[in-house]
Each structure stands twice: as C-alpha cells, then as structure tokens.
Amino acid sequence: MRKHSVKSAAIVGAALLVLAACSSNKTEGGGNNGGSCDTSKGTLTVGVVAPLSGNLSALGIGIKQSAELAVDEANKKCTVKGYKLAVSAQDDEANPAKGAQAATKLSTDPTVVGVVGTLNSSVAQTVQPILKEKKIPQVSPANTNPTLTRGNDFLTAPKRAFENYFRVCTTDDLQGPYAANYLVEKAGKKKIAIITDGKTYGEGLAAELSKQVTKKGGQIVGSEKVGEKDTDFSGVIAKIKATNPEAVYYGGEYPVAGPLSKQMKDAGLNVPLMGGDGIFDGKFIELGGKEGDLATSVGAPTESLATAKAFVDAYKAKFGKEDYAAYGAFSYDAANALIGALAATLSSGDWSDSKRDEMLTNVGKYSGSGATGEVKFDQYGDSTNKVLTVYSVTSGKWKDVETGTFTG
Amino acid sequence: MSVLLQQLVNGVMQGALIALIALGYTMVYGIIQLINFAHGEVFMVASYGGLATYTWLLPEDLKKVPYVALPLMFVGGIIVAVIVAVIMERFAYRPLRNAPRLAPLITALGVSVFLQEFVRNVYPNATSNLPYPKVFPEGALQLGDVNISWTGLLLVLLSVGLAVVLQTYINQSRMGRAMRATAQDPDTAKLMGVDPDRVIVLTFIFGAVLAGVAGILYGGYLSNINIDMGFQTGIFAFTAAVLGGVGSIRGAVIGAFIIGLIKTLAGQYMPGGTQYDYVWIFVVLILVLVFRPQGLFGEPERVRA
C-alpha cells in the first residue's frame with residue numbers, strides 16, 4: 001500500500017513536470033505570468049501568423065508584438081478566468097505555402113483558441129480554409145482584399161466566404177476608390193499609370209482604384225506588372241514614361257515600391273508614386289521613397305488617436321523603440337477581440353473542442369472600444385470601422401494629409 | 001522612337017551588369033569545366049562587403065566625399081569577393097577536382113545556399129532589402145528624351161573596359177598563355193611546367209574581382225540590395241555564358257548584352273509586356289542552342305584523350 005502511494009506520487013510528480021515543461025514551452029513570447037490570477041485550468045493559446053522574417057518583417061513583427069501586448073495585459077487583468085494565455089507566433093515569410101504550414105501547425109494544437117493574422121491577403125487565402133476545418137476564428141489586422149470576406153462578387157452579390165474569418169481593418173473596395181478620389185479631385189492628377197506586383201492584394205486594390213479614377217473623369221494611361229522579386233524596373237518605367245502620366249499608382253508592398261520610386265526619379269519620371277497600406281511603412285522611404293509620394297492606409301493615424309494613446313504608451317514601455325508599424329494597433333484590437341470572445345465563451349463552462357462553435361459566434365458578436373476606435377464585425381466578418389487616411393512623404397517622413405471614409 | 005532608344009539604353013546597362021558576372025562563369029568553366037553556381041553569390045557577398053566598408057570602416061567625414069568613398073567601397077567589396085572565392089576554390093572545389101563532374105556541381109549549389117544563409121544570419125538586418133549609400137553620381141545625362149544615368153554609364157564603361165583588359169591579358173601575357181594551355185589540356189600544360197593550382201586560383205580571383213565590381217555597381221544602380229540578388233542575376237549571367245558559348249570571353253559579353261536587350265525590348269513590344277520578359281530570354285536561348293549547341297562563339301566540345 002505504502003509502496004503504491006509512493007509510486008502514484010511519483011507518477012503525479014512526473015506528470016506535473018511534463019505539464020510544466022509544456023506550459024513553459026507555450027509561454028514563449030507570451031511574456032509575464034499574471035501572478036495573482038487563478039490559472040489552475042491550464043494554458044490557452046492565441047496564434048499569430050505573420051511574416052516575422054523576410055522583406056515584410058517590419059510589419060509582421062509589429063503585428064506579433066502588439067498581439068503579445070494584448071495577451072500580457074489580459075493575463076495581468078485576469079480577463080480569462082482560470083486560464084493563462086500564451087502567444088504562439090508562426091512565421092509565414094509572406095509566402096502562401098509557408099502560411100499554410102503555420103496554420104496547420106496551429107490548427108493541430110488543441111489549446112489554440114484563435115489566430116491573429118495574416119498580413120498578406122494572398123497568405124490569408126491559404127490560411128482561411130485550414131483554420132475553418134477546425135473552426136478556429138481568424139481575425140486579421142491587415143488583410144484588405146474584399147474577396148476574403150464577401151467572395152468573388154463582393155460588389156454585386158456578397159456572400160460570406162468563411163464563417164471563421166474576421167478582420168478589424170477596412171477593405172480595398174473602399175481604400176482604392178478613396179485613393180482615387182484623393183488623386184483625381186484633391187491632387188488634380190488626371191492621367192494615372194498603374195503598376196502592380198500581380199498578387200491578390202495589389203491586383204485587387206489597383207482594379208478598385210482604376211474604376212473610380214475613370215468614374216471621376218481621370219484616365220488610366222498605362223498598366224504594367226512587375227515581379228515581386230524584380231529589382232531593375234528601368235524597362236517598365238521607360239514604357240509608362242512614354243504615356244506621360246501625372247502620377248503612378250503601385251499595387252503592392254514597400255520592398256518593390258521604394259526602389260521603384262527612386263528608379264522612376266532617376267529615369268526622369270519625377271511624378272508622385274502612390275500606393276495602399278502595403279507601402280505605408282518607414283522602410284518605403286529608406287528604400288527610395290521620395291518627397292511627395294502618397295499612400296493610403298487603414299484607420300486614422302495611430303499617433304493622433306486618443307483611443308490609441310494607452311496602446312502606444314504600453315507598447316513603448318514593453319518594446320522600447322521598436323516600431324508597432326502600420327498594423328500594430330489593429331493587431332492589438334484583433335487579439336483583444338479574440339480574448340473578449342474567449343472570456344464570454346468560458347462564462348458557460350471550461351474550454352473544450354465543443355466550445356469552438358460558441359467561440360466563433362462570440363467573435364462575431366464581439367463589440368468593444370479598441371485602440372483604433374470601435375471594434376465590431378458586420379455579417380460578413382468585415383470591420384464596421386471604415387476609416388482611411390491619406391499620407392504623404394514630407395521631409396523624409398510619412399505625414400497624414402486627410403482622414404475620412406469613402407462616400408462615393 | 002525615344003521609347004525605343006530609351007529601352008535600348010536600359011538593355012545595354014542591364015547587359016553590362018550581367019556581362020561582369022558572366023565572365024566569371026565562363027572563365028571558370030573554360031579552365032575546369034565547372035559551372036560554378038556559387039559565382040552569383042560571390043557577387044552578392046561583394047555587394048554586402050562594399051556596404052559594410054561604407055557603414056563601419058569609413059570615417060564619417062570621408063563618407064561625404066564620393067571620390068574617396070566610392071573607390072574604397074570597390075576595394076572593400078573586391079577584397080571580400082576574392083577571399084570568398086579563394087576559400088571556396090581551396091576547400092569546396094579543389095578536393096573534388098578529379099571527382100566525377102556531378103560532384104563539384106552539387107557542391108557549387110551547396111556553397112551557394114551556404115553563402116546566402118550565412119549573409120542572412122550574420123549581416124545585420126539582411127533579412128530584408130538594405131538601402132545602398134548614395135555615393136554614386138546622382139542624376140542623368142539627357143539626350144533629347146533619352147535619359148542615361150551616370151551610374152549606368154559608369155557600369156557600361158567599366159564592364160566593357162574590364163572585358164577588353166581581360167581578353168588582352170589572356171591572349172598576350174605569360175600567365176594568360178598558361179591559362180589557355182591549362183584549358184586546352186591540363187596534363188600537357190603541367191608537363192610544360194605550368195602549375196595548375198596557381199592557374200585555377202588566379203582564374204577564380206579574376207572572376208571574383210569582376211563580380212566584386214558588379215556587386216558595388218548593382219547597389220549604386222538599383223539603390224538597394226538583398227540576399228536574392230546573386231541567384232537572380234546569376235541565372236541571367238549563366239544564361240549569357242551559355243548563349244555566347246561557355247569558355248569564350250567575347251561570347252559571354254555579347255551574350256550578356258543580347259540578354260539585356262531582349263529583356264527590355266520584349267517587355268516593351270512583345271505580348272504580355274514586362275511580366276513575360278524572362279520568357280523571351282529563354283525562348284531565344286533555346287533557339288540558339290537548337291542550331292548551335294556550342295553557343296554563339298563557343299567551340300564544339302572536344303573529347304579529351
């Protein structure tokens with residue numbers, strides 16, 4: 001008898017050790033333990049899928065760290081009763097295939113309650129179906145392609161594409177036209193040349209912009225594609241230069257847009273380059289973005305938002321001078337939406353796989369005031385926050401020019 | 001018309017860059033029949049070497065004087081390229097000199113991956129594009145509507161100039177004769193008192209110097225660099241060497257200019273535009289190889305005794 005109890009104690013002890021090892025593994029990047037909170041029921045994980053290495057890592061790391069900040073704060077405030085929250089951040093290298101691997105890894109982990117990400121719309125396309133299989137909610141801080149929520153006929157016959165997919169930023173069917181209105185009406189540029197990188201995000205955005213430019217009496221004088229890995233754009237530039245554009249709109253991201261802007265100027269095509277949220281980063285200017293270049297981005301400028309002040313202060317306190325980048329505040333809100341929905345789900349019992357349906361419903365019903373303003377989803381999973389901002393490069397920095405919503 | 005001229009200018013500049021690297025491929029192949037796939041990476045490493053020289057070795061006040069900073073960056077980049085090439089030859093290729101041809105080829109691919117990952121992990125912030133310092137002459141020469149950037153002009157002059165120097169050296173110097181002898185028949189060359197190791201190392205060094213020059217100019221011409229640049233440009237350079245006839249100096253340079261011109265002209269005038277410009281390069285390559293398998297200036301393959 002005595003021997004037996006020693007044995008079982010040893011087994012329990014070993015099991016505890018294993019558990020401890022597991023949970024210490026999971027806290028990787030999760031940060032502080034809540035300390036005084038009751039975490040007796042174990043650890044639940046918020047997944048992050050974003051480019052943590054590669055050309056777009058400046059944006060991806062901002063997304064990851066902002067999500068960590070939200071999880072840390074929730075742990076300190078004991079938002080989720082009985083559980084400790086951790087972050088599991090997976091690198092997608094901005095590559096759809098890598099994104100699928102990351103999503104598979106997260107979806108096989110039973111403690112993953114939801115995923116924040118992705119940065120790229122093209123990566124979201126491969127991540128969505130994998131997470132859907134396991135009914136894991138995905139809240140994107142940065143995907144702006146409208147088909148992700150409303151399907152291919154998003155304007156004429158919108159149809160919810162994935163019931164597990166939500167986003168806290170607005171979409172390109174508003175961003176493109178908003179940029180077009182600014183270009184044609186405010187900046188007075190009537191002849192516009194389009195260059196895209198041929199990816200989901202850039203193509204979609206440029207197509208939406210083109211329609212509105214034509215509607216407002218402007219003219220699309222040329223349309224070209226460049227490869228995502230191209231570095232020499234002299235051929236493309238010579239081709240569009242011949243059409244005498246007054247501005248060039250680039251659908252894509254800053255690793256191409258920066259050098260493109262510089263090479264345009266070198267080739268004697270000294271007109272502003274405009275892009276969407278994909279070029280709105282300090283790196284764009286570092287890589288060759290020039291004075292007068294323009295970008296639209298989702299939301300109001302984080303620095304000037306009263307609601308974002310607490311986020312900005314907390315982020316700076318935790319991560320020092322590292323930038324939260326274009327989507328930090330959105331990522332913080334996305335993580336908080338997941339945490340809020342999780343807290344609501346757990347009010348009716350402990351976490352198990354059977355709770356996943358309820359969790360999805362709760363994310364859809366979530367409503368709160370976040371760093372970027374009100375956080376709420378419509379029937380397609382899109383954010384109800386439709387605010388956009390135009391920025392321009394002024395004395396080597398992005399400066400906001402105009403904030404508003406697209407009204408036609 | 002001005003569009004055509006502008007695209008011709010662009011094509012010549014791209015060709016000049018490719019030529020500098022293609023020379024390295026063709027010389028090494030000529031001597032030891034090795035397609036040195038890591039040569040593109042030597043070019044990439046040189047570019048980072050030049051950037052490192054500028055960032056850490058140059059004192060602040062010299063950084064603003066292009067006449068001093070630019071040559072020093074060339075020196076830094078070339079030194080790095082030469083060191084990498086010599087180490088690569090000594091430890092990766094020399095032990096395999098008498099192995100079947102496939103072994104050094106696979107090794108070359110391995111060295112290429114190693115160098116890329118090495119730079120990615122060791123050089124600060126090398127995971128994303130790095131901006132290149134603005135020490136190059138800004139602006140451009142305007143001829144009517146045609147815009148010729150000063151850096152591009154420098155690129156073309158250096159490329160053609162160095163190719164001519166190299167050709168002359170190989171044809172007229174004592175060492176050049178030793179190189180040609182080793183290329184034709186290493187065993188007989190050895191009997192005549194030529195040290196093959198010395199000749200081969202020197203060939204790698206020449207290739208590295210040219211790649212080093214190209215690496216720095218690439219940064220100046222395109223304003224930023226990344227770790228993929230060696231692979232991308234290397235593929236074009238390799239194609240240029242094959243098109244011109246591997247082993248032929250003149251062939252590599254002419255092949256490179258042909259590729260540069262096809263790329264820009266096809267982007268302008270062929271269906272599909274710039275998205276499909278690579279396709280036309282390889283269409284031309286295939287057509288040439290169908291009718292002239294040895295390339296434009298290559299000699300038909302000899303069977304060695």
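Helices and strands here are DSSP runs: H or I over at least four residues for a helix, E over at least two for a strand, numbered from the N terminus. We're working on a predicted model, where local features need pLDDT of at least 70, side-chain atom pairs count only at pLDDT 80 or more, and totals for chains, interfaces and linings use all residues. Residues are numbered from 1 along each chain as its sequence is written, while chains are lettered from A and ligands numbered from 1 in the order in which they are written.

**Exercise 1. Chain A overall**

How many helices and strands are in chain A, and what is the radius of gyration of chain A?

Solution.
- Step 1: DSSP runs give 13 helices and 14 strands in chain A.
- Step 2: The radius of gyration, taken over C-alpha atoms, is set against the globule rule, 2.2 Å times the number of residues to the power 0.38.
- Step 3: Chain A comes out at 23 Å, close to the 22 Å the rule gives for 408 residues, so chain A is as compact as a globular protein of that length.
- Step 4: The C-alpha trace of chain A spans about 95 × 40 × 40 Å along its principal axes.

**Exercise 2. The sheet of 5 strands**

What is the strand order in the open sheet of 5 strands in chain A, and which strands stand at the edges?

Solution.
- Step 1: Two strands pair if DSSP finds at least two bridges between them.
- Step 2: The order is β2-β1-β3-β4-β5 (chain A), with parallel pairing.
- Step 3: β2 (84–91) and β5 (165–167) of chain A each have a single partner strand, so one side of each has no neighbour in the sheet.
- Step 4: Zoom in on one pair: β1 (residues 43–50) of chain A runs parallel to β2(A) over 8 bridges, and A:Ala50 sits opposite A:Asp91 in β2(A).
- Step 5: Now add a helix, with contact meaning that C-beta atoms, placed from the backbone, lie within 7 Å. Helix α12 (residues 328–346) of chain A packs on this sheet and touches β1, β2, β3 (112–117) and β4 (138–140) of chain A. The direction of α12 makes about 160° with that of β3(A); angles run from 0 to 180 degrees between N-to-C directions, and axes are lines fitted to C-alpha atoms, for helices over the stretch in contact.

**Exercise 3. The sheet of 7 strands**

In what order do the 7 strands of the other open sheet stand, and how is β13(A) paired with β14(A)?

Solution.
- Step 1: The order is β7-β6-β8-β9-β10-β13-β14 (chain A), with mixed pairing.
- Step 2: The edges are β7 (219–225) and β14 (397–404) of chain A; each has a single partner strand, so one side of each is left without a neighbour in the sheet. From one strand to the next, the twist averages 25°.
- Step 3: β6 (residues 191–196) and β8 (residues 247–251) of chain A run parallel, joined by 5 bridges, and A:Ile192 has A:Ala247 as its bridge partner in β8(A). Helix α9 (residues 254–266) of chain A packs on the sheet, touching β8 and β9 (273–275) of chain A.
- Step 4: β13 (residues 388–394) of chain A pairs with β14(A) in the antiparallel sense over 7 bridges, with A:Val390 opposite A:Glu402. This hairpin has 2 residues between the strands, and A:Ser395 takes a positive phi near 40°.

**Exercise 4. Where chain A touches chain B**

How many residues does the contact take from each chain, and which element of chain A gives the most?

Solution.
- Step 1: The contact takes 26 residues from chain A and 26 residues from chain B.
- Step 2: On the chain A side, β7, α8 (234–241) and α9 each supply at least two residues, and α8(A) gives the most, with 5 residues.

**Exercise 5. Helix α2 of chain B**

At what angles does α2(B) cross α9(B) and α4(B)?

Solution.
- Step 1: Helix α2 (residues 39–57) of chain B packs against helix α9 (residues 196–222) of chain B at about 55°, with the axes 7 Å apart.
- Step 2: Angles under 35 degrees count as roughly parallel, over 145 as roughly antiparallel, 65 to 115 as roughly perpendicular and the rest as oblique. That makes α2(B) oblique to α9(B).
- Step 3: The axes of α2(B) and helix α4 (residues 66–93) of chain B come within 7 Å and cross at roughly 135°, which makes α2(B) oblique to α4(B).

Terms used
Contact = placed C-beta atoms within 7 Å.
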